[in-house]
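Let's take a friendly walk through this model, one element at a time. Keep the 3D view open beside you as you read.

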Amino acid sequence: MPYKLAQFFEKMYYHFWLVPTLIILFSVILAAGLISAENFLDLNNLELYLGSFLDMDAIKIIFSTIASSIITITCVTFSITVLTLSIASNHLGARLVPNFMKQKITQIFLGVLISTFIYAIFILQSISVIDVHKSIAYLAVSIGMLYTIISIIIFIFFINFVCHMIQIDNILEFLMQDLIFCIKRFLVVNDIANKKDSINKIINYKNSETKFYDLQKYNSYKVKSLIYGYIQYINYNTLFKIADKYSVIISINYKVGFFVLKNLPLVTIYSKTELSEKTVQEISSKALKCVSLGVRRTSLQDIEFLFEELAEIALIALSPSINNPYTAKHCIDRFTQGLEAISHHKMAHSLLCDKNGQIKVIRKVATYNDIIKSSFTRLRQQAKLDLSITLYLLQRIRDLLDTEITEEIKTILINQAQIIYEEAKTQNLNIKDIKDLEDTYKDIALSQAI
C-alpha cells in the first residue's frame, strides 16, 4: 500500500467522526427517500396490514419514544467510552488511547445510535409538517422499529465488547497484531522479497550496508524543518526519484519516531557539483514534502514505537501505585514474542542505491540493538526492585535464546541478561534469593555453551 494512502487511513483510525458520519448520512438519505417514495412504491398491502391498529398519532408517539430512548442510550454509550479511555490511560498508558479509538466496533455503534435518533427526528418532523401518505408513514415506522431493534442488539454487543477490550490479554493481543502487521509491511524476509515493492524494483540492496562512502568530498546543503512534530512516515520512493533526477544524495538525518524541532536540519543534500540556490530550494521543497510530521508517533513505519508501548505497559504495571506483576509478565511474554517475530526479518537498509550501485538516499533506521535497548533499559531498572520479575525476565531471555533467532540478537540479549543480573545483585536479597538469581543466570550461560 502506498505510504500516502496508508497515512490517510492511519489518520482516519484516530477519529470518531468518519464512520458515524457516513452512517448518519445514510439515514438522512433513507428518511428523505421514504418521504418521496409514494410516487414510486405500491404500499397498499402494508397500509391494510398496519392501518387497523396504527394511526398517525400513534406513529408520532412511537417516533418520539424512539428518539428519546435512543439519545439516552447514546449518552450512556459516550460515558462508557470516555470511562474506558480514562481507565486505559491511567492504568495502561496514555499512548494506548489511540489504539482504543481505532476500534471500529465503537465507531459503528455510535453511528447506528445517532443515525437512529436522526432518522426518528427527521421522520417525526416530516409527518408533522408535510401531508405524508399513511402508507409511507407505516413503512417509515417499520424501518424505525427495525433500527431500534438493531440498536439494542448492538448496545448489548458493545457492553460485551468493552468488558473484553479492557482485559490486558486482549489489549496485548491487539498490540501484537499491530506489531506483526508493521513488521510484515516495513521489513522483509530477505532482499529478494524487496523486489515485490514498486520502490524496491529500482533499488539495489546488494552489499549496500557495506558500501563505502565519503560525504566530506561532496557539497552539502542542510534543509531545516519548517514545523515541529514527530516523524510519522517518510516517502522513500519519491525521495529516491528526486535524488536520481537531480543526481544528488539525500540524507534523512533522523529516524522515524524522532521529535523534530522547528529549524532543525532535517534533510541534508549532497552533490558532487555546486548547486544553484534555485535548485537547492526545489530539492528542499520536494524533500520536505516526503517527510510527514505529526503530533504523535504512529506505527506506520515506527516498529520501535510498538515495542516501547509494550515496555511502557509493563513499567506502569510495576509502578508502586498499580503494583500488578501479572500484567508486567504478560507484557514481557509479548515483548519476547515480538523479538522472535522480528528476528526472521531483515532490518531496513540505511543506504538506498540504484542498479549501478550509486547511493541515492541515506536514512536513519532502527536496529535490533535500538529496539532491545530502548525497551529493556527502563524495564530492567524497574524490574530489579521485584525479584520475581527479574527472574521472569531472565527466564524469557533464556527461552528466546533457545529459539531460532539471529546471532546478533542473541549477543544483545546476553549482554542485557548480564546487566539485569548485575543490577539485581545490588539489591538487598537474602541467600535463597541470590541462589535463585544465580541459578537462573547460569542457565543462560549453559544454554549457550551447549
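**Strands, helices and a cavity**

Two bridges connect strand 3 (residues 249-252) with strand 8 (residues 359-362), and these two strands run parallel. Please keep in mind that we are looking at a predicted model. Within this pairing, I250 sits opposite V361 of strand 8, and S251 faces I362 in strand 8.

Now widen the view to the sheet around them. Strand 3 and strand 8 belong to an open sheet of five strands, ordered 1-5-3-8-7, whose pairing is mixed. At its edges you find strand 1 (219-224) and strand 7 (351-353), each of which pairs on one side only. Ignoring direction, neighbouring strands of this sheet are turned by 20° against each other on average.

The parallel part is what we met between strand 3 and strand 8; for an antiparallel part, turn to strand 7 and strand 8, which are joined by three bridges. Here L352 has V361 in strand 8 as its bridge partner. We have met V361 before, since I250 stands opposite it as well. The hairpin of strand 7 and strand 8 has five residues between the strands, and in this hairpin G357 adopts a positive phi near 85°.

What lies across the strands of this sheet? Helix 9 (residues 236-246) lies across strand 3, strand 7 and strand 8, and it runs at about 140° to strand 8. Helix 10 (residues 277-289) also packs on the sheet, where it touches strand 1, strand 3 and strand 5 (265-271). The direction of helix 10 makes about 135° with that of strand 5.

A further open sheet is made of three strands in the order 4-2-6, with antiparallel pairing. Why is one side of strand 4 and of strand 6 left without a neighbour in the sheet? Strand 4 (259-260) and strand 6 (291-294) stand at the edges and have a single partner strand each, so one side of each has no neighbour there. Strand 2 (residues 229-234) pairs with strand 4 in the antiparallel sense through two bridges, and G229 stands opposite V260 of strand 4.

Next, look for enclosed space. How many cavities of 30 Å³ or more does the structure hold? There are two of them, and the largest has a volume of about 140 Å³. Its lining comprises 14 residues, of which F186, V256, Q301, V365 and A366 are the closest to the centre. Sorted by class, the lining of this largest cavity consists of nine nonpolar, one polar and four charged residues.

Finally, let's turn to the aromatic rings. Searching the whole structure gives nine aromatic pairs. One of them is formed by Y421 and Y441, and it is stacked, with 4.3 Å centre to centre and 5° between the planes. The pair links distant parts of the chain, with the two residues 20 residues apart. Y421 is in helix 15 (residues 407-425), whereas Y441 is in helix 16 (residues 431-449).

Note on methods: Residues are numbered from 1 along each chain as its sequence is written. This is a predicted model: local features need pLDDT of at least 70, side-chain atom pairs count only at pLDDT 80 or more; totals for chains, interfaces and linings use all residues. Side-chain values use heavy atoms; hydrogens and water are left out. Two strands pair if DSSP finds at least two bridges between them. Helices (H or I, at least four residues) and strands (E, at least two) are DSSP runs, numbered from the N terminus. Axes are lines fitted to C-alpha atoms, for helices over the stretch in contact, and angles run from 0 to 180 degrees between N-to-C directions. Contact means heavy atoms within 4.5 Å. On a 1 Å grid over the protein atoms alone, a cavity is a set of points where a 1.4 Å probe fits but cannot get out, and a pocket is an open set with protein on both sides within 12 Å along at least five of seven lines; lining residues have an atom within 4 Å of a point. Grid points are joined across faces, edges and corners, and a volume is the space filled by probe spheres set on the points. Ala, Val, Leu, Ile, Met, Phe, Trp, Tyr, Cys and Pro count as nonpolar, Asp, Glu, Lys and Arg as charged, and the others, Gly among them, as polar. Rings of Phe, Tyr and Trp (its six-membered ring) pair if their centres lie within 6.5 Å; planes under 30 degrees apart count as stacked, over 60 as edge-to-face and the rest as tilted.
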